[in-house]
Amino acid sequence: MEAQLTAMRTELVAFAYRMLGSPSDAEDAAQETLLRAWKHGGDHDPARASLRTWVYRIATNVCLDMLRSARRRARAVDFASTAVPGGDLGAPLPESAWVLPILDRSLADPAYADPAHADPADVAVRRETVRLAFVAALQHLPPRQRAVLILRDVLCWPADEVATLLETTVPSVTSALQRARASLRKTGLPPRSPLSDAAKRDLVERYADAFHRDDVAALVALLQEDVINSMPPFAWWIQGRDVVAAVMAASDGSCHGARLVPEPANGQPALWQERPTGPDGAFEPFALMLFEFGDSLISSVTTFLGFRPPTPHEFPPRADQRVAGRPDVIGQG
């Protein structure tokens, strides 16, 4: 059983991330699930449910327990009205307030890391359903409806299996799914971009190149007219290509000397912003920049200041856990 449980860890992290909106909470939930399953493996009855259904029942209960006392995680647009250039950023909100990004390498799945070895339809679904906007929209749903929607519409479990997992009836699952879909439509979730993976990467690479050349005009040209720009943990956010250009033109120069490093996150191209703040001027991560895409251009840029990915748990736990190494730098020169 240990090998089967170990093989399930990354899919449990992805499930818990969609439920909780936090990579560190997702790691904790997955680890707690595996430990409970390992400890109580003798309680599993194959005649009543498959091992996977039994483990997901544990995972769902762990997530529901974690959500009982938690406030809803959100994005900047949920906290404040649009800011103006030169306006005060305000006080930072606690980490628990935000839907936080998850690095693709934390998911360790071919659908994120190596799409050449995964089914194209599966790649599209998995990437879409860890997109930051989608995970943020899920947080508007009551926890049990959230679980039903993820299990039915994301993981494509049959209704009777979800009913077994939640210890309820198929009509109850169907009703919860219908309510969840209706609520999700009301969140204003942006539609999926028609751009290919290559087109998205090209936009982000051009963004990084313009950043390194301090070419504000070229950078802004990559943004659609109603682009949204935000910087968690501050509730401050702005909208509009011209407004973004004005903010960049009035910048205090704090980004000079920084570099952008590719790091796919939430199933999309993303960038670390690194600054030479380490010993002997070594570059260190300062922020993680996530992008959303419209029909042909970038539709939003979310810069998570001070973001640090959690150290992945291993199962069984080990004392010498480490985070994977850094990627190469894009277009620095």
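Is Glu167 buried or exposed? At 61% relative accessibility, Glu167 counts as exposed, because the threshold for that class is over 50%. The legends below describe this residue and other sites in a predicted model.

**Figure 1. Overview of the predicted chain and its confidence.** The model is a prediction, with an average pLDDT of 88 over the chain. A pLDDT of at least 70 is reached by 88% of the residues. Residues 319-333 form a segment in which pLDDT stays under 50; for this segment the model has 36 contacts beyond four places in sequence. The chain comprises 15 helices and 6 strands. Of its 333 residues, 46% are buried. Among contacts with a separation of 6 or more, 65% join residues 24 or more positions apart.

**Figure 2. The second largest pocket and its lining.** This pocket has a volume of about 550 Å³. It is lined by 36 residues, of which Arg75, Ala133, Gly188, Pro190 and Ile228 are the closest to its centre. Both helices and strands contribute to the lining: helix H5 (76-79), helix H9 (132-138), strand S1 (223-230), strand S5 (284-293) and strand S6 (298-305) each supply at least two residues. By class, the lining residues of the second largest pocket are 17 nonpolar, 12 polar and 7 charged.

**Figure 3. The aromatic pair of Phe15 and Tyr56.** The structure holds 5 aromatic pairs. In one of them, Phe15 and Tyr56 meet edge-to-face, with 5.3 Å from centre to centre and 70 degrees between the planes. Phe15 belongs to helix H2 (residues 9-20) and Tyr56 to helix H4 (residues 51-68), so the pair ties together parts that are 41 residues apart in sequence. Phe15 has a relative accessibility of 0% and therefore counts as buried. Tyr56 is likewise buried, with a relative accessible area of 0%. Ring pairs link Phe15 and Tyr56 with Trp157 into a cluster.

**Figure 4. The aromatic pair of Phe79 and Trp98.** These two residues also form an edge-to-face pair, at 5.1 Å centre to centre and with 75 degrees between the planes. Phe79 lies in helix H5, while Trp98 is placed in the loop between H5 and helix H6 (104-107). The pair links distant parts of the chain, 19 residues apart. Phe79 has a relative accessible area of 28% and is partly exposed, whereas Trp98, at 2%, is buried.

**Figure 5. Glu161 and its contacts.** Glu161 is part of helix H11. With a relative accessible area of 24%, Glu161 is partly exposed, because this class lies between the 20% and 50% limits. Neighbours within four places in sequence aside, Glu161 is in contact with Ser50 and Thr53. Glu161 and Thr53 stand 108 residues apart in sequence, yet their C-alpha atoms are 7.3 Å apart in space.

**Figure 6. Asp43 in the loop between helices H3 and H4.** Helix H3 spans residues 23-39, and Asp43 is found in the loop between H3 and H4. The relative accessibility of Asp43 is 56%, so the residue counts as exposed. Trp54 follows at 11 residues from Asp43 along the chain, and a distance of 9.6 Å separates the C-alpha atoms of the two residues.

**Figure 7. Backbone geometry at Glu167, Asn266 and Pro233.** Most residues other than glycine have a negative phi, and most peptide bonds are trans. Glu167 has a positive phi, near 55 degrees, and is a residue other than glycine. Its place is in the loop between helix H11 (159-166) and helix H12 (170-185). Asn266, which is not a glycine either, has a positive phi of about 50 degrees. Asn266 lies in the loop between strand S3 (259-262) and strand S4 (270-275). Unlike the exposed Glu167, Asn266 is buried, with a relative accessible area of 1%. The peptide bond from Pro232 to Pro233 is cis, with omega near 20 degrees. Pro233 is located in the loop between S1 and strand S2 (237-239).

Key:
Residues are numbered from 1 along each chain as its sequence is written. This is a predicted model: local features need pLDDT of at least 70, side-chain atom pairs count only at pLDDT 80 or more; totals for chains, interfaces and linings use all residues. Side-chain values use heavy atoms; hydrogens and water are left out. pLDDT is the predictor's confidence in each residue, from 0 to 100. Contact means heavy atoms within 4.5 Å. On a 1 Å grid over the protein atoms alone, a cavity is a set of points where a 1.4 Å probe fits but cannot get out, and a pocket is an open set with protein on both sides within 12 Å along at least five of seven lines; lining residues have an atom within 4 Å of a point. Grid points are joined across faces, edges and corners, and a volume is the space filled by probe spheres set on the points. Helices (H or I, at least four residues) and strands (E, at least two) are DSSP runs, numbered from the N terminus. Ala, Val, Leu, Ile, Met, Phe, Trp, Tyr, Cys and Pro count as nonpolar, Asp, Glu, Lys and Arg as charged, and the others, Gly among them, as polar. Rings of Phe, Tyr and Trp (its six-membered ring) pair if their centres lie within 6.5 Å; planes under 30 degrees apart count as stacked, over 60 as edge-to-face and the rest as tilted. Buried means under 20% relative accessible area, exposed over 50%, partly exposed in between (1.4 Å probe, protein chains only).
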